[in-house]
Amino acid sequence: MSDTRQSDAVISWISGPVLHATTSVPFHLNEAVKVGHQQLLGEVIRINGDESVIQVYEDTTGLRPGDSVSATGSPLSVKLGPGLLGNIFDGLLRPLNTQGRYVKPGLGLDGSDKKYAFSPLIKKGDLLTRGSPFGSVHRADARPQRCMTPPNCDGRVVSIRQAGEYGEDEVLCTLDCGDRGTHELSMGHYWPVRQPRPVLHRRPIQGPLFTGQRIIDSIFPIGCGGRAAMPGGFGTGKTVLQETLAKWCDADVIIYVGCGERGNEMAGVLHDFPSLEDPRTGRPLMERTVIIANTSNMPVAAREASIYTAVTVGEYFRDMGLRVALMADSTSRWAEALREISGRLGELPGEAGYPAYLSSRQADFYERAAHVRTLSGNVGSLTIIGAVSPPSADFSEPVTTHTKRYVHCFLGLDPGRAQARFYPAIHPLQSYSHDVEALVHFWSQHGYPNWERERQRFLAFLEEQARLERMARIIGKDALPPRQQHVLLCAELINEAFLRQSAFSEVDRYCSAERQIAMMQMINRFIRLSEHAIEMNIGVESITALPVIRKLMRMGEEIGENDLDKYNDLRVELDDAFSQLTHSSKLEDETDEG
Ligand code: ADP
Ligand code: MG
């Protein structure tokens with residue numbers, strides 16, 4: 001970002017984050033530029049003869065026609081390096097301090113004098129291929145990391161520094177790149193945010209991003225390297241769900257982008273995350289987290305960029321052979337930023353005022369999620385989970401409908417459920433996952449080959465419940481035949497005992513695969529036993545009155561991870577209750593006949 005070309009460009013017109021500059025030496029499309037004496041960061045987004053249209057990523061107050069614009073010679077890029085983990089950045093990856101204070105305007109990108117413990121992984125004379133690691137970095141306060149050769153650079157090692165403490169920009173390794181001269185590598189390197197980092201090849205989805213949330217893992221699973229969206233109106237629990245996933249999912253690195261949400265919500269994340277513990281390792285959660293904060297009051301163009309910045313950071317860690325999960329809250333605010341900038345550019349508005357390229361931009365974003373073989377031959381993944389906030393919870397608006405086309409897993413949050421404080425408010429009939437088939441193997445490995453069938457059975461009950469409830473509203477629940485009342489009872493059990501899971505419950509906020517299986521099998525056992533009882537003409541009210549039902553309803557809250565064998569006790573109790581019920585009914589039958 002340093003070779004500033006001589007140019008005579010000056011601002012000729014300006015409106016909010018968009019300005020026009022006239023110049024005799026043309027800029028390149030998508031080139032990063034510096035604007036005014038504060039050197040505000042901007043990007044060339046359109047060129048028309050000697051006039052360029054530039055969007056500025058910072059507050060443009062005070063700029064005026066005649067102020068200078070200078071080229072940087074490279075596309076909008078961010079520096080990827082060992083300082084990312086555990087820190088909070090703005091949409092252009094400039095560090096914010098822990099209170100989330102704003103950075104000073106302008107291109108103060110490098111200024112960190114921090115040193116990191118480096119140890120080389122290669123020696124002089126080695127051939128270094130594209131994207132391969134040449135060293136490792138250890139930080140006491142973050143997970144170990146690799147120093148990566150940039151994906152566009154390879155050659156023979158001419159020199160390599162010894163193990164020791166070095167700054168992020170110090171030259172550690174020199175490569176002889178043949179015809180292309182020599183190349184110097186340091187811990188960090190720049191990468192253009194709008195360009196996906198190359199990989200060897202994409203691999204099919206093989207396992208889940210395990211989240212510990214039953215309705216996700218067991219019913220609508222997210223594949224590791226897949227893409228998921230959670231649309232929901234205001235207050236339906238998007239932010240809480242995103243944070244829950246960030247805390248509990250089994251990724252190595254979490255990228256959390258607060259995109260255009262209100263400042264006080266972001267303040268919650270900024271305040272909570274640094275003080276949280278990783279529930280599995282007991283280490284601070286921030287050690288494996290990068291937060292990109294872009295509240296609604298920050299410049300709108302930076303919000304547009306923040307999504308790309310975040311994906312680029314995610315790909316960087318993926319290239320180290322790690323499992324990365326990216327949470328974006330919310331992609332609707334990002335789409336609104338696109339709309340605002342498009343409006344200022346005078347582009348023809350499409351559906352609901354969004355630009356015609358909204359859909360392709362969304363596709364570009366979700367397309368960067370993948371399970372890959374990295375350039376250096378490792379396996380890595382980037383899973384994207386985007387929240388969508390459709391106005392008045394209307395899922396037919398453009399951002400939600402386009403999102404639906406690009407995600408594999410759609411978790412629709414329902415205002416009705418949220419109002420009833422049924423969390424997570426994911427509506428089982430408005431959600432789907434295309435990753436189910438790929439994950440059958442995962443559940444089989446955990447000793448649950450019937451998972452897919454039993455999952456289907458749960459969904460069938462829930463569908464039937466929706467139909468019967470409509471009917472019951474007209475004719476009254478008691479007028480339904482016993483079989484249908486039985487369906488309602490089973491569906492209630494599935495909802496209450498399995499799908500409901502409070503993010504704030506000490507016992508139930510995380511549910512391991514073993515516990516999910518125990519609970520799912522328990523409910524299936526109940527369904528079988530009760531179906532049998534109904535066949536024997538036992539009334540639904542006698543089943544409902546069984547004391548064991550209450551225990552089933554509360555098993556998530558009452559039987560935690562540490563006493564899984566209590567599920568066996570509960571199963572025995574369930575069997576006993578039904579054998580007594582059917583036994584006494586047989587006796588009654590016999591006395592009737594006698
Ligand atoms: P949104 O981001 O969709 O506007 P929030 O995530 O802020 O909504 O959720 C609103 C409120 O709903 C939270 O403050 C919390 O009280 C409750 N809530 C949401 N999700 C859950 C959950 N999984 N478990 C318990 N309570 C929840
Ligand atoms: Mg929110």
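Me: A crossing counts as left-handed if the near helix is turned anticlockwise from the far one by less than a right angle, and right-handed if clockwise. With that in hand for this predicted model, in which kind of crossing, left-handed or right-handed, does α6 pass α7?

Reply: Start with who's who: helix α6 covers residues 358–367 and helix α7 covers 398–406, with axes that come within 9 Å. Their crossing angle is roughly 45 degrees, and angles of 35 to 65 degrees fall among the oblique ones, so α6 and α7 are oblique to each other. As for the hand, the crossing in which α6 passes α7 is right-handed.

Me: Okay, and how many nonpolar, polar and charged residues does the contact of α6 with α7 have?

Reply: On the α6 side you've got Leu 358, Ser 359, Gln 362, Ala 363 and Tyr 366. They meet Pro 398, Val 399, His 402, Thr 403, Arg 405 and Tyr 406 in α7. Sorted by class, the contact of α6 with α7 comes to 6 nonpolar, 4 polar and 1 charged.

Me: At what angle do helix α4 and helix α5 pack?

Reply: Helix α4 is residues 300–318 and helix α5 is residues 331–344, and their axes sit 8 Å apart. The pair has to be under 145 degrees and over 115 to be oblique on this side of the scale, and that is why α4 is oblique to α5. The angle itself is about 130 degrees.

Me: By class, what does the contact of α4 with α5 have?

Reply: From α4 come Val 300, Ala 301, Arg 303, Glu 304, Ile 307 and Tyr 308. The α5 side brings Arg 333, Trp 334, Glu 336, Ala 337, Leu 338, Glu 340 and Ile 341. Run through those by class and the contact has no polar residues, just 8 nonpolar and 5 charged.

Me: Which residues of α12 make the contact with α10?

Reply: Helix α10 (residues 451–475) and helix α12 (residues 513–535) have axes 11 Å apart and an angle of about 60 degrees, and α10 passes α12 in a left-handed crossing. The α10 side of the contact is Trp 451, Glu 454, Arg 455, Arg 457, Phe 458 and Phe 461. Facing them from α12 are Met 520, Gln 521, Ile 523, Asn 524, Ile 527 and Glu 531.

Me: Which helix gives the most to the lining of the largest pocket?

Reply: That pocket holds about 830 Å³ of space, and among its 43 lining residues the closest to the centre are Gly 235, Thr 236, Gly 237, Val 240 and Tyr 423. Four helices each supply at least two lining residues: α2 (238–248), α5, α11 (482–499) and α15 (555–558). The one that gives the most, with 5 residues, is α2.

Me: Where is Pro 424 found?

Reply: Most peptide bonds are trans. The bond from Tyr 423 to Pro 424 is cis, with omega near -10 degrees. Pro 424 is found in the loop between α8 (415–419) and β27 (432–433).

Me: What is omega for the cis peptide bond that joins Asp 329 and Ser 330?

Reply: Ser 330 sits in the loop between β23 (323–329) and α5. The bond that joins Asp 329 to Ser 330 is cis, and its omega is about 5 degrees.

Me: In which loop is Asn 30 found?

Reply: Most residues other than glycine have a negative phi. Asn 30 has a positive one, near 65 degrees. Its place is the loop between β2 (18–22) and β3 (31–35).

Note on methods: Residues numbered from 1 in each chain as written. Chains lettered and ligands numbered in written order. Predicted model: local features only at pLDDT ≥ 70, side-chain atom pairs only at ≥ 80, totals over all residues. Heavy atoms only, no water. Axes fitted to C-alpha atoms, helices over the stretch in contact; angles between N-to-C directions. Contact = heavy atoms within 4.5 Å. Nonpolar A, V, L, I, M, F, W, Y, C, P; charged D, E, K, R; others polar. 1 Å grid on protein atoms, 1.4 Å probe; cavity = no way out; pocket = protein on both sides within 12 Å on 5 of 7 lines; lining within 4 Å. Points joined across faces, edges and corners; volume = space filled by probe spheres on them.
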